[in-house]
Amino acid sequence: PTDPVLPDLPPGAWRDAAARVMARCDRLAAVSSRTDGIERVYLSPEHARVNGVVARWMQDAGLRTWQDAAGNRWGHRDGRDPDAPSLVLGSHLDTVRDAGRYDGIVGVLAALEVVRLLGRVVGGFPFGVDVVAFWDEEGARFGKALLGSSAVAGAWDPTWWDLRDEDGTSLRDAFTTFGLDPARVAEAARPRASLAGYLEAHIEQGPQLDRAGAPLGVVTSIAAARRYRLTVVGEARHAGGTPYDARHDALLGASEAVLAVERLCRAEHHVVGTVGRLETFPGAVNVVPGEARLTLDLRGELAESRDRVWGLLAGELDQITGRRGLTWSAEQVHDAPAVVCDPLLRDVLRAGAEGTGQRDVLDLFSPAGHDGMALGAVTDVGMLFLRNADGISHHPDESVTVADVEAGLRALAAAVLHLAHE
Ligand code: GLV
Ligand code: MN
Ligand code: MN
Ligand code: MN
């Protein structure tokens, strides 16, 4: 029997492609800044190494490839008209600290396999096809996420140059060290007219598909997300000699704030808040903490409900710090709007997923952030989620099966073909 998506494919081609995606995820997992886990951040030596490996894979798949002015890696295959806009397929290659193998990575490698399998068929398309590997979606190094995709969306904010990593290196200096020119970052921007849409496959990072026993789901929208750096300041003093009525313990104030985040978010619909990092200064066993620094990740299906939580939290911080003789301040380091996925792209992804034989293709809201949040400002966005066992992600146990990757490849390829024949 001929293949229903690509009649010329030999039997087993999808399974082989899925197996290649899995093997390549393993291969990239070995490129890490640590020996005890996976970590690949923006503008690091690992970024350069992985871009080099993926560039070779892009060439092997017959793509013309380049690195853009923000460090994203691209591959391109022409459609009928070499000047036609591109349908972009991809995801990201950077990771969080102590990451799994698939968040972002599987979407880049799936895009590459789809374009390889489509092969010469692309030459008849009314659009070209691009594969993109973004850096950095996670914002693990500078706090601000979606840096590479923001550059592509033409939304690079010059205030970001002064963001610093943990070692005090500025984003500007990291650019230069990596071999990029900060003065040219605007060249990474892709004008709206050069884009025919953006499709991304990604593991779900939540348990809905696994609970429903469904391999694939189609994303309806992505949550509005903000990140803050909070600082609570008190007074560092002797841990023995300072009586309670003379203490201004910054950590105790911060601790109350952390619990308030949970209480306020739980009281809102579809808002989650996370304090993922908490440091105290001077950080000594026998000194009352004089300063506490916290990160806060706050997201909501609706920006209004997220911002209501922030407003209430600010009020509580005033009270907590007032009561304890402390002060507090906040810096917003990341802001991404909610993005509603395009109805046509949702339809073609759904049809593609149904074509794999899956009966109940779920519609899913994504509380997790994705590069489509930045791309949504310049083109239509569609996302396909792959089942992720137990929904565990941002963790070494992150997983996806070869069978689900195969289904994802078929669905994505079918979606691209639908669009080409619109
Ligand atoms: C990225 O994975 C994010 O949702 O923060
Ligand atoms: Mn072209
Ligand atoms: Mn992630
Ligand atoms: Mn991701």
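How far apart do the C-alpha centres of domain 1 and domain 2 lie? In this predicted model, the two centres are 33 Å apart, and a good way to begin is to colour the protein chain by its two parts, with domain 1 taking residues 13-222 + 338-420 and domain 2 taking residues 224-336.

**The contact between the domains**

Next, display the residues where the two parts meet: 12 residues of domain 1 are in contact with 12 residues of domain 2. On the side of domain 1 that touches domain 2, the residues divide into eight nonpolar, three polar and one charged.

**Strand β6**

Now select residues 216-222, which form strand β6, a mostly covered strand in which five of the seven residues are buried. Show the backbone here and follow the pairings one partner at a time. Strand β15 (residues 362-366) runs parallel to β6 and is joined to it by five bridges, and within this pairing S221 has F365 as its bridge partner. Strand β16 (residues 381-386) is antiparallel to β6, with three bridges between them, and here V218 stands opposite L384. Strand β14 (residues 339-340) also pairs with β6 in the antiparallel sense, over two bridges, and I222 can be picked together with its bridge partner in β14, V339.

**A clustered annotated site**

Select H92, D103 and H202 next, three positions at which UniProt, in an unreviewed entry, places the feature "binding site". Although they are spread over 111 residues of sequence, they cluster in space, the largest C-alpha distance being 9.6 Å.

Centre the view on D103, which is placed in the loop between β3 (86-92) and α3 (105-118). Is D103 buried or exposed? It counts as buried, because 26 C-beta neighbours lie inside 10 Å. If neighbours within four places in sequence are left aside, the contacts of D103 are T95, I203, Q205, S393, H394 and E398.

Then move to H202, which lies in strand β5 (residues 195-203). With 29 C-beta neighbours inside 10 Å, H202 likewise counts as buried, and beyond residues up to four places away in sequence H202 touches S91, G107, H370, M383 and F385.

**Ligand 1**

Select ligand 1 and show the residues around it, which are E138, A145, A368 and G369. By class, this shell holds two nonpolar, one polar and one charged residues.

**A spread annotated site**

The last selection is R227, N286 and R299, which the unreviewed UniProt entry also covers with the annotation "binding site". These positions span 73 residues in sequence and their farthest two C-alpha atoms are 36.6 Å apart, so they do not all gather at one spot, and it is worth visiting two of them separately.

R227 is found in strand β7 (residues 224-233), and R227 counts as buried because it has 22 C-beta neighbours inside 10 Å. Setting aside its neighbours within four places in sequence, R227 is in contact with G143, T295, L296, D297, V333 and H334.

What surroundings does N286 have, and in which loop does N286 lie? N286 lies in the loop between β10 (278-281) and β11 (287-288), and, apart from neighbours within four places in sequence, N286 is in contact with A239 and G240. With 8 C-beta neighbours inside 10 Å, N286 counts as exposed, whereas R227 counts as buried.

Methods
Residues are numbered from 1 along each chain as its sequence is written. Chains are lettered from A and ligands numbered from 1 in the order in which they are written. This is a predicted model: local features need pLDDT of at least 70, side-chain atom pairs count only at pLDDT 80 or more; totals for chains, interfaces and linings use all residues. UniProt positions are given in the numbering used here, feature names are shortened, and annotations may be inferred rather than shown by experiment. Helices (H or I, at least four residues) and strands (E, at least two) are DSSP runs, numbered from the N terminus. A residue is buried if 20 or more other C-beta atoms lie within 10 Å of its own, exposed if 12 or fewer, and partly exposed in between; C-beta atoms are placed from the backbone. Two residues are in contact if their C-beta atoms, placed from the backbone, lie within 7 Å. A residue is near a molecule or strand if its C-beta atom, placed from the backbone, lies within 6 Å of it. Ala, Val, Leu, Ile, Met, Phe, Trp, Tyr, Cys and Pro count as nonpolar, Asp, Glu, Lys and Arg as charged, and the others, Gly among them, as polar. Domain bounds come from an automatic or database domain assignment. Two strands pair if DSSP finds at least two bridges between them.
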